[in-house]
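Hi,

Here is the structure I promised to pass on. Have a look at it first, and then read my notes underneath.

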Amino acid sequence: MKNTEVVGSKFIVQTANENHLHFAEIICAEMEESAKKRGTGIAKRSPVYIMEKMVEGKAIIATTDSGIWVGFCYIETWEHGKFVANSGLIVHPDFRNSGMAKAIKQKAFELSRQKYPDAKIIGITTSLPVMKINSDLGYEPVTFSELPADDAFWKGCASCVNYDVLTRTGRKHCLCTGMMYNPEDKKKEEVAVATGVEPEKHSWDFLKESSLYERWMRIKQRILLRREERARKKNAGTVLVH
């Protein structure tokens, strides 16, 4: 994987390093603001945490050729490298709809494969555009039970406004969708092609199923939030007797 890649003639996407530490605060602020606007949360990170990822070579940053910050993403590992997550994908509002999210995600995916070739690459999101990018990279939707059991992984969801839904359902349901790239599946496809056998087709056809999925997400949101509202009213009406 090339550490630096020029996208068009305007943007540079590269593995972040010490020269990018001064961007940490604006990245954190934009992550928080973006989450507020969407009405859903992402794991809240401090500038120090972002800096650590840059120094460790576990982050991707995009800038203009003149050095203006454009976007960012970092990678985290769970269960001793068994799982890798490309987290905190963010693009500055001035540069959205420019293809930068896909370019950053692609670079983060390549970095993950390079550092942890045998790891399952995972993500949870409510964003259909992110799901489309993930799908193009070979991710498939999975149940939450297939994601890390590590409490630290789920603690990252604690700052999300929907965290209560996740905890009340025992981490079985939420408004997010889990997705995974399994390198073992990729190896099987390569072996099938090499031996002249037609590889199994993916069960997830994003372009064909995205409208159906979007409709299901709206229904899911109404059901889960209605359930939460009933639980809150029930708890509010409970009288403690000593």
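A quick word on confidence before anything else: pLDDT is the predictor's confidence in each residue, from 0 to 100. This is a predicted model, so local features need pLDDT of at least 70 and side-chain atom pairs count only at pLDDT 80 or more, while totals for chains, interfaces and linings use all residues. Residues are numbered from 1 along each chain as its sequence is written, and side-chain values use heavy atoms, with hydrogens and water left out.

The chain averages a pLDDT of 83, and 76% of the residues score at least 70. Among the elements of the chain, strand S3 has the highest mean pLDDT, at 97, and strand S1 (residues 4–7) has the lowest, at 59. Helices (H or I, at least four residues) and strands (E, at least two) are DSSP runs, numbered from the N terminus. Where pLDDT is low, the predicted coordinates should not be read in detail.

**The core**

Let me start with strand S2 (residues 11–15), where five of the five residues are buried. Buried means under 20% relative accessible area, exposed means over 50%, and partly exposed is in between (1.4 Å probe, protein chains only). S2 pairs with S3 (residues 59–64) in the antiparallel sense over five bridges; for two strands to pair, DSSP has to find at least two bridges between them. Across that pairing, Val-13 stands opposite Ala-62 in S3.

Both residues turn up again in the largest nonpolar core, which has 16 residues; Val-13, Ile-60, Ala-62, Val-70, Met-100 and Ile-104 have the most contacts inside it. A nonpolar core here is a set of buried Ala, Val, Leu, Ile, Met, Phe, Trp, Tyr and Cys residues joined through side-chain atoms within 4.5 Å. S2, S3, S4, S5 and H3 each supply at least two residues of this core, and H3 gives the most, with four. In soluble globular proteins, nonpolar side chains tend to be buried together.

If you want one residue to click on, try Val-70: leaving aside residues up to four places away in sequence, the residues it touches include Phe-11, Ala-62, Ile-90, Phe-95 and Met-100. Contact means heavy atoms within 4.5 Å.

**Salt bridges**

How many salt bridges does a search of the whole structure find? The search gives eight, counting a side-chain nitrogen of Lys or Arg within 4 Å of a carboxyl oxygen of Asp or Glu. Three of them link distant parts of the chain:

- Glu-30 and Arg-96 meet at 3.5 Å, N to O. Glu-30 is in helix H1 (residues 24–38) and Arg-96 in the loop between S5 (83–91) and H3 (100–115), 66 residues apart. Glu-30 is buried at 12% relative accessible area, whereas Arg-96 is partly exposed at 35%.
- Arg-45 and Glu-76 meet at 2.7 Å, N to O. Arg-45 sits in the loop between H1 and helix H2 (47–55), and Glu-76 in S4 (residues 69–78), 31 residues apart. Arg-45 is partly exposed, at 22%, and Glu-76 is buried, at 6%.
- Asp-118 and Lys-187 have their closest N and O atoms 3.7 Å apart. Asp-118 is in the loop between H3 and strand S6 (120–125), and Lys-187 in helix H7 (residues 183–194), 69 residues apart. Asp-118 is exposed at 61%, and Lys-187 is partly exposed at 37%.

There is also a network of salt bridges that links Lys-102, Lys-132 and Asp-136.

**Cysteines**

The search of the whole structure finds zero disulfides, a disulfide being a pair of cysteine sulfur atoms within 2.5 Å. Why do Cys-174 and Cys-176 not form a bond? The sulfur of Cys-174 has its closest cysteine sulfur in Cys-176, and at 5.3 Å that is too far for a bond. Cys-174 is buried, at 6% relative accessibility, and Cys-176 is buried too, at 16%.

**Two backbone oddities**

Glu-79 has a positive phi of about 55 degrees although it is not a glycine. Glu-79 lies in the loop between S4 and S5 and is partly exposed, with a relative accessible area of 29%. Asn-97, not a glycine either, has a positive phi of about 65 degrees. Asn-97 is in the loop between S5 and H3 and is exposed, at 85%.

Cheers
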